[in-house]
Amino acid sequence: MTFQCQRDSYMKEFVTRVASCSPTELKQDNGKKETVFTVKLQDTILFPEGGGQPDDHGLIGDVPVLRVTRQGQDAAHLVGSPLEVGLEVQVKVDWERRFDHMQQHSGQHLITALAETMFGYKTTSWELGRQRTAIELDTPSVKPAQLQSLEDAVNEKIRAHIPVCVKLLSMDSPEVEKVRSRGLPDDHTWPIRIIDIEGVDANMCCGTHVSNLSHLQVIKLLGTEKGKKNKTNLIFLAGNRVLKYAEKSYNTGRSLVALLKTGPDEHVEAVDKLQKSVKLLHKTNLNLLREMALLIAHNFKNDPQKGNFFSLHKKEGDSEFMTIIANEINTQETLVFLTVGEEKGPGSFLLAGPSEQVTQMGPQLLELLQGKGAGKNGRFQGKANSLARRGEVEALLQQHCNHQTTQEE
């Protein structure tokens with residue numbers, strides 16, 4: 001069945017009747033199931049997902065359409081409320097989303113056709129994403145000069161105001177053999193639908209398209225990425241996405257000018273200098289932390305009043321900081337409890353000391369710090385979701401050490 005959205009992709013509102021309505025279950029992203037209703041209409045302007053193109057959004061009456069899928073020759077509209085069979089309803093399409101899909105899909109046809117004509121690169125698949133669109137080309141790589149030539153040729157066709165029309169071909173039509181196609185779906189029926197870009201391309205397709213290449217406005221080839229084995233993904237934007245991308249890039253550039261105190265042409269150099277400075281500061285900070293860890297451990301060892309328990313929290317520390325302290329202190333005689341990170345937030349911990357004590361106290365530490373960890377050979381360490389109860393852990397360990405001292409006496 002050919003839908004009204006395929007006969008006229010520019011139609012924004014349409015009056016039809018409800019043909020059927022039945023309850024069904026829809027699985028949410030969180031795994032929970034929700035009861036919704038599958039509505040089939042006598043005809044629809046809401047495109048069901050297919051051919052690489054996502055489905056339309058819109059309204060049936062005042063009921064939002066959650067999804068549109070194809071069930072055999074019908075379009076199944078998933079809605080949150082039941083609709084009366086036979087009821088006359090007005091269908092409205094989310095035009096911004098629809099026109100965006102038309103621009104990206106027709107843009108893909110144009111790029112695919114010219115990439116094959118100019119360089120012999122066939123399209124093996126494509127993906128219309130929310131932010132960008134990708135075409136998988138059957139080539140290991142695309143040279144920068146080829147990419148520029150392709151972009152120039154694509155935009156020249158757009159400026160040429162070339163018509164795009166829909167044709168329906170019967171099985172015995174001689175034009176069928178001239179049509180570009182990656183194969184018919186198993187459930188296809190004749191006639192087949194062809195998107196014809198006059199003098200450029202004729203391709204089998206079920207999607208919604210612009211009626212003239214000028215409606216694409218402009219296409220920007222952003223670049224390429226490595227695809228599957230011996231394939232290349234060509235990334236592009238078409239139409240309004242290019243305008244939004246330009247606006248976003250301009251606003252980002254203005255923000256960077258204010259932050260970096262340099263013009264746009266010097267942004268890369270300025271960020272490179274900042275990164276080098278940060279790396280140097282980070283290295284210096286690590287060296288200071290290591291020296292501080294050694295000093296802390298030596299001060300404890302040289303303290304004549306030291307006991308059999310040592311505890312320390314350092315917000316700016318890391319795992320190496322804790323390990324250095326534990327290695328310097330004689331943990332065969334001393335129970336050491338160290339933490340780093342936010343005082344009331346997440347962090348890391350290390351418990352070191354006599355093996356029996358560490359094995360006994362480790363699980364209790366995990367529970368109080370809401371953490372995950374493991375231990376062996378007198379060491380128990382891991383991540384804490386919250387260090388808010390660190391004081392309780394310290395008091396518990398101190399009490400345990402005092403009890404051990406009393407027993408030894």
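The legends below describe four close-up views of a predicted model.

**View 1. Helices H2 and H3 pack against each other at an angle of about 125°.** Helix H2 comprises residues 95-119 and helix H3 comprises residues 144-159, and their axes lie 10 Å apart. Angles from 115 to 145 degrees fall outside the parallel, antiparallel and perpendicular ranges, and H2 and H3 are therefore oblique to each other. The crossing of the two helices is right-handed. On the H2 side, the residues in contact are Leu-110, Ile-111, Leu-114, Ala-115, Met-118 and Phe-119. These meet Gln-146, Ser-149, Leu-150, Ala-153, Val-154, Lys-157 and Ile-158 of H3. Sorted by class, the contact of H2 with H3 contains 10 nonpolar, 2 polar and 1 charged residues.

**View 2. The second largest cavity has a lining to which both H2 and H3 contribute.** The structure holds 2 cavities of 30 Å³ or more, and the second largest has a volume of about 30 Å³. Its lining is formed by Ala-115, Phe-119, Tyr-121, Leu-137, Val-142, Leu-147, Leu-150, Thr-224 and Leu-234. H2 and H3 each provide at least two of these residues. Among the lining residues are Ala-115, Phe-119 and Leu-150, which also take part in the contact between H2 and H3. The lining of this cavity has 8 nonpolar residues, 1 polar residue and no charged residues.

**View 3. The second largest pocket encloses about 770 Å³ of space.** This pocket is lined by 24 residues, and those closest to its centre are Asp-100, Gly-129, Arg-130, Gln-131 and Arg-241. Strand S4 (63-71), helix H2 and helix H4 (240-260) each supply at least two residues of the lining. Helix H4 gives the most, with 7 residues. By class, the lining of the second largest pocket divides into 10 charged, 7 polar and 7 nonpolar residues.

**View 4. Helices H5 and H6 pack at an angle of about 30°.** Helix H5 spans residues 267-301 and helix H6 spans residues 319-328, with their axes 9 Å apart. Angles under 35 degrees count as roughly parallel, and H5 and H6 are therefore roughly parallel to each other. Their crossing is right-handed. From H5, the contact is made by Leu-289, Arg-290, Met-292, Ala-293, Leu-294, Ile-296, Ala-297, His-298 and Lys-301. From H6, the contact is made by Glu-320, Phe-321, Ile-324, Ile-325 and Glu-328. The contact of H5 with H6 has 9 nonpolar, 1 polar and 4 charged residues.

Methods: Residues are numbered from 1 along each chain as its sequence is written. This is a predicted model: local features need pLDDT of at least 70, side-chain atom pairs count only at pLDDT 80 or more; totals for chains, interfaces and linings use all residues. Side-chain values use heavy atoms; hydrogens and water are left out. Axes are lines fitted to C-alpha atoms, for helices over the stretch in contact, and angles run from 0 to 180 degrees between N-to-C directions. Helices (H or I, at least four residues) and strands (E, at least two) are DSSP runs, numbered from the N terminus. Angles under 35 degrees count as roughly parallel, over 145 as roughly antiparallel, 65 to 115 as roughly perpendicular and the rest as oblique. A crossing is left-handed if the near helix is turned anticlockwise from the far one by less than a right angle, and right-handed if clockwise. Contact means heavy atoms within 4.5 Å. Ala, Val, Leu, Ile, Met, Phe, Trp, Tyr, Cys and Pro count as nonpolar, Asp, Glu, Lys and Arg as charged, and the others, Gly among them, as polar. On a 1 Å grid over the protein atoms alone, a cavity is a set of points where a 1.4 Å probe fits but cannot get out, and a pocket is an open set with protein on both sides within 12 Å along at least five of seven lines; lining residues have an atom within 4 Å of a point. Grid points are joined across faces, edges and corners, and a volume is the space filled by probe spheres set on the points.
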